[in-house]
Amino acid sequence: MRTISLFILAALAGTTPALAAETSGNATSIAVRTLPVTGSVPRTCAMGEGKIAPGSLNNFAGLDGDTLRIIEFTDPATLQVRAASITIGFDAVCNFPHEVRIESQNNGLWPVDQRVSGRPEGFAFAVPYSARINWGPVDAQFDANAKIRNPTQQLVAVNDAVAGEFRLRIQIEDGASNVETRAPLIAGAYVDTVRIYLEPR
């Protein structure tokens, strides 16, 4: 919520005219009152709902609330990961110098069932992806490399206030794998959660 406070610091007094012209002979005197007006705007960052950029869908079903779903994660003949990409725009504003923090919960797409074991040699069991952000002067790429399953993040400083569209592009390369490129993928449902923060530095 944004609040602007208006404070009147001085008021007209009694029956004495605040602005008066007095004539004494040929001289004229003018009385002046100053009324300072002040307001305050809190330091605020806000981000609206995401919208898919036209023409940016590749192997994604679209945006379902806050969830992105890949249409065909692997090639049915080889079980290799298929390329997928999407760009999402958010109306955003941050009225002071700030930083962007992008965070991956899993550092890649990993099986929902964390008990996956007995990983056969030559099979992939996690999928890396990249997330590119465009925001004001910022053009940065974050890589979730899927080498270790743990939260990972990247911080980018923004030296000015920015208002406009915050763009996030998620991209999975053809044949992406946490072992060798084009390794077949072990069966399962794969997931990650990406969080974006506009916050004080």
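Arg101 is a buried residue, with a relative accessible area of 17%, and I start there because a charged side chain that falls under the 20% cut-off for burial invites the question of what its partner is. In this model, which I should say at once is a predicted one, the side chain of Arg101 meets that of Glu103 in a salt bridge, with 3.3 Å from N to O. Glu103 counts as buried too, at 16% relative accessibility. As for the general idea, side chains of opposite charge can pair when their charged atoms come close.

How many salt bridges does the structure hold? The count is 8, and I will go through two others. Arg167 and Glu165 bring their side chains together at 2.9 Å, again from N to O; here Arg167 is partly exposed, with a relative accessible area of 33%, and Glu165 is likewise partly exposed, at 40%. Returning to the pair I began with, Arg101 and Glu103 belong to one network with Arg195 and Glu199, joined through salt bridges that share partners. The other bridge I want to mention links Asp75 to Arg82, where the closest N and O atoms are 3.7 Å apart. Asp75 has a relative accessible area of 22%, which makes it partly exposed, and Arg82, at 31%, counts as partly exposed as well.

Let me step back to the chain as a whole. There are 16 strands and 0 helices, and of the 201 residues in the chain, 34% are buried. If we take the contacts between residues at least 6 apart in sequence, 78% of them join residues that are at least 24 apart.

Ser104 gives a concrete view of such a setting. This residue sits in strand S9, which covers residues 98-104, and its relative accessibility is 0%, so it counts as buried. What surrounds Ser104, once its neighbours within four places in sequence are left aside? The residues in contact with Ser104 are Tyr129, Phe142, Ala144, Asn150, Pro151, Thr152, Asp192 and Thr193. A polar atom of the Ser104 side chain also lies 3.4 Å from the backbone nitrogen of Asn106.

Just along the chain is Asn107, in the loop between S9 and strand S10, the latter being residues 110-111. Asn107 has a phi near 65°, a positive value in a residue other than glycine, and with a relative accessible area of 7% Asn107 is buried. A second residue with positive phi is Leu79, at about 60°, and Leu79 is not a glycine either. Leu79 lies in the loop between S7 and S8, where it is partly exposed, with a relative accessible area of 38%.

Another loop residue I would like you to look at is Asn59, found between S5 and S6. Is Asn59 buried or exposed? At 16% relative accessibility, Asn59 counts as buried. Its side chain reaches the backbone oxygen of Glu72 at 2.9 Å. Setting aside neighbours within four places in sequence, Asn59 is in contact with Ile70, Ile71, Glu72, Arg82, Ala83 and Ala84. Arg82, on that list, is also the residue that forms the salt bridge with Asp75.

That leaves the question of empty space. Rolling a probe the size of a water molecule over the atoms shows where empty space is left. For this model, the largest pocket holds about 840 Å³ of space. Its lining comprises 29 residues, and those closest to the centre of the pocket are Asp66, Thr67, Leu68, Asp192 and Val194. Which elements give two or more residues to that lining? They are strands S5 (45-52), S6 (60-64), S7 (67-70), S8 (84-94), S14 (162-172), S15 (190-191) and S16 (194-199). By residue type, the lining divides into 18 nonpolar, 6 polar and 5 charged residues. Asp192, which is among the residues closest to the pocket centre, is also one of the contacts of the buried Ser104.

To close where I opened, on the charged residues, the contrast I would leave you with is that Arg101 is buried, as is Glu103, whereas Arg167 is partly exposed, as is Glu165.

Conventions
Residues are numbered from 1 along each chain as its sequence is written. This is a predicted model: local features need pLDDT of at least 70, side-chain atom pairs count only at pLDDT 80 or more; totals for chains, interfaces and linings use all residues. Side-chain values use heavy atoms; hydrogens and water are left out. On a 1 Å grid over the protein atoms alone, a cavity is a set of points where a 1.4 Å probe fits but cannot get out, and a pocket is an open set with protein on both sides within 12 Å along at least five of seven lines; lining residues have an atom within 4 Å of a point. Grid points are joined across faces, edges and corners, and a volume is the space filled by probe spheres set on the points. Helices (H or I, at least four residues) and strands (E, at least two) are DSSP runs, numbered from the N terminus. Ala, Val, Leu, Ile, Met, Phe, Trp, Tyr, Cys and Pro count as nonpolar, Asp, Glu, Lys and Arg as charged, and the others, Gly among them, as polar. A salt bridge is a side-chain nitrogen of Lys or Arg within 4 Å of a carboxyl oxygen of Asp or Glu. Buried means under 20% relative accessible area, exposed over 50%, partly exposed in between (1.4 Å probe, protein chains only). A polar contact is a pair of N or O atoms within 3.5 Å; within protein, one must be able to donate a hydrogen and the other to accept it, and residues adjacent in sequence count only if both atoms are side-chain atoms. Contact means heavy atoms within 4.5 Å.
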